[in-house]
Amino acid sequence: MAVLRDLAGEERADYFRGIQPIWGGGLDEARFGLFQRRLADSREAAGRYRLLGWFEGARMVSAMKAYDLRGSCARRPLKLFGIGAVFTPPELRRKGHAAAMLRAAMDDYRRKGAQAAVLFSDIEIEYYERLGFRVVESRECSVETGALPKPAGDFRPATAGDEEQMTRIFSASRAQETRFALARDGWTLRFQLRRLRELARARGIGEPEWGIVVEPDAAAMIRYGRDTVDVLEAGWIGEGARSVLLSGLRDCMQRGGRQRLRFWPVAQMRGLFEPQERTSAIAMIAPLDDTAPLPERNGPTELALLDHI
């Protein structure tokens, strides 16, 4: 009989080795495994992030990441089950192991009160649709440097201790939102920041540049991609602050030698630039509670890059 349980010890190492060729981000196997282990053992992960495996006897036949998330839709709070990095060893694929694991995990989180499951798919969406998921809004903007205002006004890099202020700004920017969104209660920012820091540590580059602050009421959380500056989340109070923040993002691009700004157009970033449909990281939702308010197929969402798990 197959069993769903948390990974431990060498089981975690086996899982990290398995996903490294897919999600390694340029890290070799050893550095990737160290990065993943430090993230899983961080205080930010405690109680909200798990590594789960599907076992037949002592053999792990599939594994995944599981997140305890909070969100809202139609101004009603939601408890959510986040799914990431589903993996089955190549020699065990097409035997139904991952599907059985996902069904068991969804049942487990349903019993714990989760009202929906959320994931971002890079494979055929039909696979997840057979498990009860539906595609929701998945768009992206790619903006050239010249489309942003030239640096004007005072902005500064985010530093340790800015997390609370940035959380306040991000939360305020979504205060009147009714679309499906993940909570801006601070945990997602702190967890993703820990991810950025551990990734930088694995690459040997120290503290990463991870944000911009415009005092007192604008901020953006960022990461540097291979050829982009990615905006994980942004918010402001007042149009003047918006202009300064966008000019600060342009400054990041120029200093980092990046030609494009990349973000998912949601909240106050929605409508600023022409979006395109995404062909990867397709957002999908599966109801676990039929009474919960959730977007219909292709319905609007407020999922930012910060939420990409």
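This is a conversation between a visitor and a guide about the predicted model shown above.

Visitor: Let us begin with the sheet. What is the order of its strands?

Guide: The sheet is open and has seven strands, in the order S8-S10-S11-S12-S13-S7-S14, and their pairing is mixed.

Visitor: What makes S8 and S14 the edge strands?

Guide: Strand S8 (156-157) and strand S14 (276-277) each pair on one side only.

Visitor: How do you know that S10 and S11 pair?

Guide: Two strands pair if there are at least two bridges between them. Strand S10 (residues 211-214) and strand S11 (residues 218-224) have four bridges, in the antiparallel sense, so they meet that cut-off. For one place to look, find Val213, whose bridge partner in S11 is Ala219.

Visitor: Which helix packs on this sheet?

Guide: Helix H7 (residues 239-256) does, touching strand S7 (139-144), S10, S11, strand S12 (228-236) and strand S13 (260-263). The direction of H7 makes about 20 degrees with that of S11.

Visitor: What lies between S10 and S11?

Guide: A loop that holds Pro216. The peptide bond from Glu215 to Pro216 is cis, with omega near -5 degrees.

Visitor: In which sense does S13 pair with S12, and in which with S7?

Guide: S12 and S13 are parallel, with four bridges between them, and Asp230 stands opposite Arg262 in S13. S7 and S13, in turn, run antiparallel and are joined by four bridges. There, Glu144 has Arg260 in S13 as its bridge partner.

Visitor: Now for Gln259. Why is this residue called exposed?

Guide: Exposed means over 50% relative accessible area. Gln259 has 52% relative accessibility, so it counts as exposed. You will find Gln259 in the loop between H7 and S13.

Visitor: Which residues does Gln259 touch?

Guide: Leaving out residues up to four places away in sequence, Gln259 touches Val143, Glu144, Thr145, Asp227 and Met253. As for Phe133, it is 126 residues from Gln259 along the chain, and their C-alpha atoms are separated by 36 Å.

Visitor: Why is Asp68 called buried?

Guide: Buried means under 20% relative accessible area. Asp68 has a relative accessible area of 15%, so it is buried. Asp68 belongs to strand S3 (residues 59-73).

Visitor: What makes the link between Asp68 and Arg70 a polar contact?

Guide: Such a contact needs a pair of N or O atoms within 3.5 Å. The side chains of Asp68 and Arg70 are joined by a polar contact of 2.5 Å. Apart from neighbours within four places in sequence, Asp68 is in contact with Gly47, Arg48, Lys79 and Leu80.

Visitor: On to the helices. Why are H1 and H2 called oblique to each other?

Guide: The axes of helix H1 (residues 10-23) and helix H2 (residues 29-40) cross at roughly 120 degrees and come within 9 Å. Roughly perpendicular covers 65 to 115 degrees, and roughly antiparallel begins over 145. The angle of roughly 120 degrees fits neither range, and H1 and H2 are therefore oblique.

Visitor: Which residues of H1 and H2 meet?

Guide: Among them are Phe16, Ile19 and Trp23 in H1, and Phe32, Gln36 and Ala40 in H2. H1 passes H2 in a right-handed crossing.

Visitor: How do you know that H5 and H6 are oblique?

Guide: The reasoning again starts from the angle. Helix H5 (residues 163-173) and helix H6 (residues 187-203) have axes that cross at roughly 130 degrees and come within 11 Å. That angle also falls between 115 and 145, and H5 and H6 are therefore oblique. The crossing of H5 past H6 is right-handed.

Visitor: Which residues meet between H5 and H6?

Guide: Glu163, Met166, Thr167 and Phe170 in H5 meet Leu189, Leu193 and Arg197 in H6.

Visitor: What is notable about the phi of Ala74?

Guide: Ala74 has a positive phi of about 55 degrees, although it is not a glycine. Ala74 sits in the loop between S3 and strand S4 (76-87).

Visitor: Why does Ala74 count as partly exposed?

Guide: Its relative accessibility is 45%. Buried is under 20% and exposed over 50%, with partly exposed in between, so Ala74 counts as partly exposed.

Visitor: And Ala267: is this residue buried or exposed?

Guide: With a relative accessible area of 16%, under the 20% cut-off, Ala267 is buried. Ala267 is in the loop between S13 and S14, and its phi is positive, about 50 degrees, although it is not a glycine.

Notes
Residues numbered from 1 in each chain as written. Predicted model: local features only at pLDDT ≥ 70, side-chain atom pairs only at ≥ 80, totals over all residues. Heavy atoms only, no water. Helix = DSSP H or I, 4+ residues; strand = E, 2+ residues; numbered from the N terminus. Contact = heavy atoms within 4.5 Å. Axes fitted to C-alpha atoms, helices over the stretch in contact; angles between N-to-C directions. Buried < 20%, exposed > 50% of the residue type's maximum accessible area, 1.4 Å probe, protein only. Polar contact = N/O pair within 3.5 Å; in protein donor to acceptor, adjacent residues only side chain to side chain. Parallel < 35°, antiparallel > 145°, perpendicular 65-115°, else oblique. Left-handed = near helix turned anticlockwise from the far one by under 90°.
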